[in-house]
Structures are given as C-alpha cells and as structure tokens.
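Okay, thanks everyone for coming. I'll keep this short, so have a look at the screen and then I'll walk you through two spots.

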Amino acid sequence: MIQSSTDHIRPVGELTKWMSGGTPDRSNRTYWQGTIPWISAFTLKTTEIFTSDQFVSAQAVKAGSKMAPINSTLLLVRGSALHKEIRAGLVTAPVAFNQDVKALVPLSGLEPKYLTFSILGNSEKLLRLVTSAGNTAGVLDTKVVQDFEIWVPGNPEQRQIITKLNDADSLVASLERLVAKKQSVKQGMMQQLLTGRRRLPGFTHSWFDDASIEQVATLTMGQAPRGASYNTKGNGLPLIQGNADIRDRRSIDRLWTTEPSKLCRVDDVLLTVRAPVGFTAIASRASCIGRGVCALSTPNSNRFLYHALVHAEPRWSVFEQGSTFTAVNSAEVKAFTFPWPSDLNERNAIAAVLDDADDEIARLKDRLQKATDIKQGMMQELLTGRTRLQPVSESLL
C-alpha cells in the first residue's frame, strides 16, 4: 500500500464544526410560505441537498430554524429511518434544516464532499452505533459520531476519490431516474389499457365495466394452520400469511407448515385481506395461505386479473377508514368490481404488454442494484485506503 505523510486516521469531531437546526412554529402560517427549502428526515435522501418538500421564510429561519452553510454535510441524528440507513448529503444550495439533523462544516484540509462520502461509506459501522429513543425513533449520538474515526488522505487524493465516486453516483442516479420514468410510463399504460380507454389493434369486443371478482374468479380465503406445525427448515409447504411473505409482488419462502390448511397453486393471484387490505401479488409456487391472504384463479386469465387488481389497489383504502386494524371478508372480496374485457384474447394481449413492461423495469432494477453494489464496493475500498489511486500532479486536479 502506498503510504503518505499526509494520511491520517482522525475522529470526525476534529475535522468538523457542528451546527444544530430547528423547526419554526407550525401555527404561524407565514413561516411556511417562503422559498427556502427546509430539510428534515423525509427529504434528506440524496448525496447532494438543494431542495425539499417544505419551504420556509427568512423570518422562520430567524425564529426557529437555521441555514446550513454551503458545502456542509447534513446528517440525520434522530428518526425512525436510522434503524435502517444512515442519511447524509452535501449542501449545494441555501437550505434550512430541523432539529433532527446536524450540519457538519468541514475544517481546513478536509474536502466537503469527501466528508459526505466518508459518512455514507461507513454506514454499516455507524448503524451499529444507533440507539433507541424509547419509541420508534433511532438516535445517532452526537458525541459518538464526533469520536468516530475516518481515513483522511491528502487533499489531492481526496479530490481524486471524489471524482471516482461522483461518476459512480451519477450512474446510480441516472438509472434511478430511468426506473422512475419507466414506472410512470407503465402506470399510464395501465390507466389506458385496463379501463378500455385505449384498445390494442384488432380487438373490438365489448367490456364489462363492473365485473365482480365472484363473476370472473374462484376465491379461496386463507386459514391459519396449527401453530405447532410452523417451521423454518423447509418441511411441508411454504406458508403465505401476508405482506411479510411477499417481495417484488411474488411470494417468498419464509415459513413452512407441515399441516397446510387452505392451498393456492403456482401463479394464482394473491390478495391481502388483513392489514393492509388489497395488496396484490403472484404465488411463486404451490403454498398454504393463512388468514392474511386469499387466492384467486380464473381460467387462462390470471395475468390479466393480476394487473387489473394491481391497478385497482387504491380503491381498497375505503376499508381502512375509521379502523386501526383493517380487514375484509369473503363477501366484500367477491363484490369488488373492475373493468373486464369479454374477449379472452384481448385479456391475454393486454397482460402480455404489461408483463413486458414489468420485465423491462425488473431488468433496469437489476442494473441499478449492480451499480449500487459497485459504488458501495468502491467506497469501501477508496475511503479506507485499502485501494489507493495513483498520484496525480496537483496542476491536473
């Protein structure tokens, strides 16, 4: 490994000055009608911070918040998100911030974005330092972070590392935008194709505007098997109880039961019937279904039924009103209606178009995950000194 007299392992507190934010009075509407982005845990999600979902006035900053210096790093130190991830971003435009966020201002010798990348690159270690506030909030203690040590090479190498990680960051961001765009396009396709507003070429048969689940599908309501039959060793059939047993709209094998009660077949449509109601997925294999789900099957049209119910998911929210634990019974499921083409060939053609869109999105998500993994690997190597970049003349940086 190349060594340098300018390399240091130093605590974050020796390299930065810290600032605290605040929340202006919510009852004063004029405070919340300004043009200054106000950063909280909800909007602290990107490597560079320059806008928000909420905006405050200059008076609000004086009364209860604070402006983050340009080139400071905003770090989330309190919030439920800390149980899953470290959130930090470089301030690139004037923003205010709340009390759950700290602004870390780099001192001389520390490149601003190198600090941001160093915090994000040490996410796994920092997550282990998160404690609980006694409720749902996680806490990253200020003193703990200030004592946390990072590797700091000389400024020329810091800038080289920033350039490399910026390139990786840009690729991830571009793929994220492409995934979001394709998802939006698919949503528009669903709105058109699953309502009959747009017809595929060659199809002219009529549609039923309000076909019910009872009319088009066979319904099997789930039933919990005997608890003593549950296991995690793969004995018996997989058990699908609800959202916990579904990932990427496909069932996963998490629990098994040796005494299956109600069954579903591979490619049956799954619908959650308890907390939450209406989430739709596909059974990856023959399984046992518990009380939290039901299985639907229709001759030769399961794929269309699946897409139709995905599109209709928001309509199940009516069952969530006024209840802390939402659930629907078999009669309510059977009575649920949606548009249904009378022509089997049209149903299958629409499903094929939407399946192709899903496949494209899945491929892009796979590319995004690989790019994210590569970026994370680069951070682990470059921000610890395990991999060193070749020295470059200062005049070239």
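**Where two helices meet**

So, Lys186, Gln187, Met190 and Gln191 in helix α6 meet His307, Val310 and His311 in helix α8. Sort the residues of that contact by character and you get two nonpolar, four polar and one charged. Just keep in mind that this is a predicted model.

How are the two helices arranged? α6 covers residues 155-193 and α8 covers residues 302-312, and they pack at an angle of about 105°, with their axes 10 Å apart. Angles of 65 to 115 degrees count as roughly perpendicular, and α6 and α8 are therefore roughly perpendicular to each other.

Staying with α8 for a second: nine of its 11 residues are buried, so to speak mostly covered. Among the buried ones are His307 and Val310, and both of those also take part in the contact with α6. Phe304, Leu305 and Tyr306 are buried in α8 too.

Okay, second spot: a strand. β11 runs over residues 101-106, and six of its six residues are buried. In a regular strand, side chains alternate between the two faces of the sheet. Here, Val101, Ala103 and Val105 point one way from β11, while Lys102, Leu104 and Pro106 point the other way, and all are buried. Yes, that includes the lysine, Lys102.

Which strands pair with β11? Strand β2, residues 16-20, runs antiparallel to β11 and is joined to it by five bridges; Met19 has Ala103 as its bridge partner there. Strand β7, residues 73-76, also pairs with β11 in the antiparallel sense, over four bridges. In that pairing, Leu75 stands opposite Lys102.

Methods: Residues are numbered from 1 along each chain as its sequence is written. This is a predicted model: local features need pLDDT of at least 70, side-chain atom pairs count only at pLDDT 80 or more; totals for chains, interfaces and linings use all residues. Side-chain values use heavy atoms; hydrogens and water are left out. Axes are lines fitted to C-alpha atoms, for helices over the stretch in contact, and angles run from 0 to 180 degrees between N-to-C directions. Angles under 35 degrees count as roughly parallel, over 145 as roughly antiparallel, 65 to 115 as roughly perpendicular and the rest as oblique. Contact means heavy atoms within 4.5 Å. Ala, Val, Leu, Ile, Met, Phe, Trp, Tyr, Cys and Pro count as nonpolar, Asp, Glu, Lys and Arg as charged, and the others, Gly among them, as polar. Buried means under 20% relative accessible area, exposed over 50%, partly exposed in between (1.4 Å probe, protein chains only). Two strands pair if DSSP finds at least two bridges between them.
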